[in-house]
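Me: I would like to learn how to read the main features of a fold, one at a time, with the general idea before the particular case. Could we work through a single model together?

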Amino acid sequence: MTRPVRIAASILAADFARLGEEVARVEPHLDLLHVDVMDGHFVPNLSLGIPVIRSLRTVSALPFDCHLMIANPADFVEALHDAGATGITVHMEAVPDPRGIARIARSVGLGFGLVINPGTPFATMDPYLELCDMVLVMSVEPGFGGQGFMPSVLSKVEAAREAIDRRGLEVGLQIDGGIGPGTIGQASRAGADVFVAGTAIFRRPDPVDAIADLRREALLSAGPLGADRS
């Protein structure tokens, strides 16, 4: 059986003047909506916050996969849940010991995951895989959309896939940054199964066709479910 594939659209690349319309157009074709939350401290940019998440929840039933690029994520867990988040991913660089925030997320009913930047070794995340529903390997530096994919991170995707499969964990392996035609196949072959795409969806003439093309390429490149990649 081929490993399942999930596509998450990053609304950072959508037209903010028509955000509800943009989401409604692609929603039937997606698995997740990826929401980047930036604080201007952990990364040098500001982006979507709790009021936007709350507003989007009124027009979308998709799971909201909230990527917290913020310095103090534990302070916002309850508010994110109340606004309509489904799950959060937090950076190992911001929370080197994530056990406390994982407990907080679970206590309010949020899914929990961890993120590593391109320069952070997979070994920092490895001891905490059992805490996670999702792990995310960044394939660009966090904070800005539209960057080029960094192939050097694929070795970390492979390491994460090997660890997840070897330990029999039900953990999504997500990749985010520069994902589009060509790069999604590389990421899928390395073992990713959740793909965040922004410009490759919302900046295409037909976002629905773009999602279908990405899903097809990822599936064609995916390995067997539970394959031994050692």
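Reply: Helices and strands are here DSSP runs, numbered from the N terminus, with at least four residues for a helix and at least two for a strand. Please keep in mind throughout that this is a predicted model.

Me: With that numbering in hand, where is the place of Ala222?

Reply: Ala222 belongs to the segment that follows H8.

Me: Is Ala222 buried or exposed, and why?

Reply: The cut-off to apply is that a residue is buried under 20% relative accessible area. Ala222 has a relative accessible area of 15%, and therefore it is buried. Leaving aside residues up to four places away in sequence, Ala222 touches Thr2, Arg3 and Ser188.

Me: How should I read a pair of packed helices, and at what angle do H6 and H8 pack?

Reply: Two packed helices are described by the angle between their axes together with the distance between those axes. Helix H6, residues 183-190, and helix H8, residues 207-221, pack at an angle of about 35°, and their axes are 8 Å apart. The crossing of H6 and H8 is right-handed. On the H6 side the contact involves Thr183, Ile184, Gly185, Ser188 and Arg189, which meet Leu214, Glu217, Ala218 and Ser221 in H8. Sorted by character, the residues of this contact of H6 with H8 comprise 3 nonpolar, 4 polar and 2 charged.

Me: Which residues of H5 and H6 meet?

Reply: Leu154, Val157, Glu158 and Arg161 in H5 meet Gln186, Ala187 and Ala190 in H6. The residues of the contact of H5 with H6 divide into 4 nonpolar, 1 polar and 2 charged. As for the geometry, helix H5, residues 154-166, packs with H6 at an angle of about 35°, with their axes 8 Å apart.

Me: Turning to the strands, what lies on the two faces of E3?

Reply: In a regular strand the side chains alternate between the two faces of the sheet. In strand E3, residues 64-69, 6 of the 6 residues are buried. Phe64, Cys66 and Leu68 are on one side, Asp65, His67 and Met69 are on the other, and both faces are covered. Strand E2 can be read in the same manner, for 7 of its 7 residues are buried, with Leu32, His34, Asp36 and Met38 on one side and Leu33, Val35 and Val37 on the other.

Me: How many bridges pair E2 with E3, and how many join E3 to E4?

Reply: Strand E2, residues 32-38, pairs with E3 in the parallel sense over 6 bridges. Within that pairing, His34 stands opposite Asp65, Asp36 stands opposite His67, and Val37 has Leu68 as its bridge partner. On to strand E4, residues 87-91, there are 4 bridges from E3, and these two strands also run parallel; here Asp65 stands opposite Gly87.

Me: What does the chain do between paired strands such as E3 and E4?

Reply: E3, helix H3 (residues 77-83) and E4 make a right-handed β-α-β unit. Strand E1, residues 6-10, is joined to E2 by 3 bridges, in parallel, and the chain passes from E1 through helix H1, residues 19-26, to E2 in a β-α-β crossover that is right-handed.

Me: Finally, how many strands make up the closed barrel?

Reply: The closed barrel has 8 strands, in the order E1-E2-E3-E4-E5-E6-E7-E8, with parallel pairing. Neighbouring strands of this sheet are turned against each other by 25° on average, direction ignored.

Terms used: Residues are numbered from 1 along each chain as its sequence is written. This is a predicted model: local features need pLDDT of at least 70, side-chain atom pairs count only at pLDDT 80 or more; totals for chains, interfaces and linings use all residues. Side-chain values use heavy atoms; hydrogens and water are left out. Axes are lines fitted to C-alpha atoms, for helices over the stretch in contact, and angles run from 0 to 180 degrees between N-to-C directions. A crossing is left-handed if the near helix is turned anticlockwise from the far one by less than a right angle, and right-handed if clockwise. Contact means heavy atoms within 4.5 Å. Ala, Val, Leu, Ile, Met, Phe, Trp, Tyr, Cys and Pro count as nonpolar, Asp, Glu, Lys and Arg as charged, and the others, Gly among them, as polar. Buried means under 20% relative accessible area, exposed over 50%, partly exposed in between (1.4 Å probe, protein chains only). Two strands pair if DSSP finds at least two bridges between them. A crossover is right-handed if, with the strands pointing away from the viewer, the path from the first strand over the helix to the second runs clockwise.
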